[in-house]
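Subject: Structure for you to look at

Dear colleague,

I am passing on the structure we talked about, and I would be glad if you would open it beside this message and follow along as you read.

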Amino acid sequence: MGFRVQDMMKLGIFSEAKLLGGRAGLDNEIQGATIIEAPDIVKFINGGEVLLTRFYAFQACTMEEFNGYFRELAVKRVSAIVIKRGDDVEDIDEKVSYILKFAEEFQVPVLEVAFELSFREILKPILEQLFNEEVKQLKYFKTTYDNFTALSFSYGSGQDSIRKILDVLEKLIGNPIALFNQNMDYLAGTEGSIPHLTISQKIEEYHPPFYSNYTYLKQTVVLDEEDEDTCEQYLVKWRAMYNRSMYLVITTLNSSFGDMDDIAIENAVTALRQELFRQHSVEELEEKFQNDIITQLLIGKIHSMQELERAIGHLGIPLDAGYRVLIFKLWNETAEEFEKLNEAFKYDSILRDAILSEFEDVRVRNDVDKVIVIQQIRPGQKQEEYRRELKATVERIQKRISQKNKGLRVRAGVGKEVEGVTNISDSYKEAGDSLEFIGIFEEQNKDQDSQIAYFSDMGIFKLLCKTDSTKELYEYIPEALQKLFHYKKQQRQELILTLRTYLDRNQNLTKTAQELFVHYKTAAYRIDRIAAITGIDFNNPSEVLAVRIGLIVYKMIGNMER
């Protein structure tokens, strides 16, 4: 005699189960067990299984659809149905009544167990009766794999699909689940999950009892510092698109980590990878389309009002609002040119994610090593208030970047406020110019971690931005200063730095020496040497002003040639 439903009811896990109907089928032989957490799982059933469901698969289906699913189950001749009755399912009482009619008609026993029991706890003793340890694990692998596969087929892409996968996993293992990206940003989670992630220095590697392509980690987390409550937390790390890391986090709040939990987790991660890849493919197409529209706005190539209305309709922005363009870029002063470009590419996704997290209602696109932001201006906001807000926002972005690489600095070029989307291209041009010369016109925060350059602060130098010719710019450098730039001796750069510092410190030799960390007499000697080489009259305010402008133009030329 095989293992039958009446034998199953004698297992300890079913000691408090209720037989709701289908008593005539208690002699049905059990050939397997599976979970129904997606409607399409009926396609994976062979027959003779015990089916476990909490009606999640039928959460929002109509009674007509519900009837169709169970007609398919009748054809498969399942052995029994074990239900957990939740309160988040539409028409739950009507659906239970239907199952009981189904049970009587097809002689399929229906048992109800406590909702708090995890499917792993129910499945394990059934599979142990049917199979040896290795086959039991294979069977459990198959049933979890089938459910996550069916779940992928049942729902389209979207954040809701990610949440459904996490919900199913949570019901399989009985503990809250959360998903984080490589920046430790909380993406989704089940009820009771912890919406923040800190990786302890004492974290250790955990080895599941099978080969895995993913990295399993284990750490102890403090739940309540006052009561010193702790629990184990398991992290599964894997690579998503473009080598971005993802973390699936299981916090053992309700029960300890079970001996088959890692099997369910393995299949859940595979399903999440597939779903994230599907979402990314859709988003990539959508982003490309949006980028094309944004590019047209930035370069001012919208040819008709009809085309303009279609473009702003797709972007979801008003036609006549006020806008400002900002351009962000990462910079590492100590790196070589190739390293700078490589780092910009490497961290551009982190910069983009940080911008999207810190700014509200903006349109963003990547441009090689820069991130362009079209920001809608809040009506009535004063310039002083806007600058304070932007400074605080850039500081938060810098903090996120520094967590990944302390050597990187965030730079932002800010264009003027314009009225209407048709003028966005003007603000974009100005943002680009201010970013280009940010080493000259900059506003640094107190930690010197971020830099913001406003085009409106560039004064007369706005005119110089209109030329792309370094030869033309060179004409704005006074002849006396050109002599210093052409000075062939080794001390040239030292003398240029001294001159710039001397003028920045209002020709105060004491402050100049302190700034350069040299003796007062050394600073005085250098200034005398500069006067001898160039013939600059430091007592002539007009000549000094021309030299100051020339030094800035020289730096602009250096930025253009870089």
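What follows is a short account of the cores, one pair of packed helices and some salt bridges. Please keep in mind from the start that this is a predicted model.

I would begin with the inside of the protein, where the largest nonpolar core has 81 residues, and where Met-8, Phe-70, Ile-126 and Leu-248 are the ones with the most contacts inside it. The element that gives the most to this core is helix 7 (residues 261-299), which contributes eight residues. If you select Ile-126 and set aside its neighbours within four places in sequence, you will find it in contact with Phe-3, Met-8, Leu-11, Phe-14, Ile-30, Ala-33 and Val-50. There is also a second core, separate from this one, with 26 residues, including Leu-481, Leu-484, Leu-495 and Ile-533.

Two members of that second core, Leu-495 and Ile-533, also appear where helix 15 meets helix 17. Helix 15 (residues 492-504) and helix 17 (residues 520-534) have axes 10 Å apart and pack at an angle of about 105°; because angles of 65 to 115 degrees count as roughly perpendicular, helix 15 is described as roughly perpendicular to helix 17. On the side of helix 15 the contact is made by Glu-494, Leu-495, Thr-498, Leu-499 and Tyr-502, and on the side of helix 17 by Arg-526, Ile-527, Arg-529, Ile-530 and Ile-533. Of the residues in this contact, six are nonpolar, one is polar and three are charged.

Turning to charged pairs, the count comes to 19 salt bridges, and a few of them are worth a look. Lys-171 forms one with Glu-170, with the closest N and O atoms 2.4 Å apart, and both Lys-171 and Glu-170 are buried. Arg-378 and Glu-385 form another, at 3.2 Å between the closest N and O atoms; here Arg-378 is partly exposed, with a relative accessible area of 42%, and Glu-385 is partly exposed as well, at 30%.

Which helix holds both Asp-433 and Lys-429? They lie in helix 11 (residues 424-436), four residues apart, which is about one turn of the helix, and their side chains meet in a salt bridge with an N to O distance of 2.7 Å. Asp-433 counts as buried at 13% relative accessibility, whereas Lys-429, at 45%, counts as partly exposed. Finally, Asp-185, Glu-358, Arg-396 and Arg-400 are joined into one network by salt bridges that share partners.

With best wishes

Definitions and conventions. Residues are numbered from 1 along each chain as its sequence is written. This is a predicted model: local features need pLDDT of at least 70, side-chain atom pairs count only at pLDDT 80 or more; totals for chains, interfaces and linings use all residues. Side-chain values use heavy atoms; hydrogens and water are left out. A nonpolar core is a set of buried Ala, Val, Leu, Ile, Met, Phe, Trp, Tyr and Cys residues joined through side-chain atoms within 4.5 Å. Buried means under 20% relative accessible area, exposed over 50%, partly exposed in between (1.4 Å probe, protein chains only). Helices (H or I, at least four residues) and strands (E, at least two) are DSSP runs, numbered from the N terminus. Contact means heavy atoms within 4.5 Å. Axes are lines fitted to C-alpha atoms, for helices over the stretch in contact, and angles run from 0 to 180 degrees between N-to-C directions. Angles under 35 degrees count as roughly parallel, over 145 as roughly antiparallel, 65 to 115 as roughly perpendicular and the rest as oblique. Ala, Val, Leu, Ile, Met, Phe, Trp, Tyr, Cys and Pro count as nonpolar, Asp, Glu, Lys and Arg as charged, and the others, Gly among them, as polar. A salt bridge is a side-chain nitrogen of Lys or Arg within 4 Å of a carboxyl oxygen of Asp or Glu.
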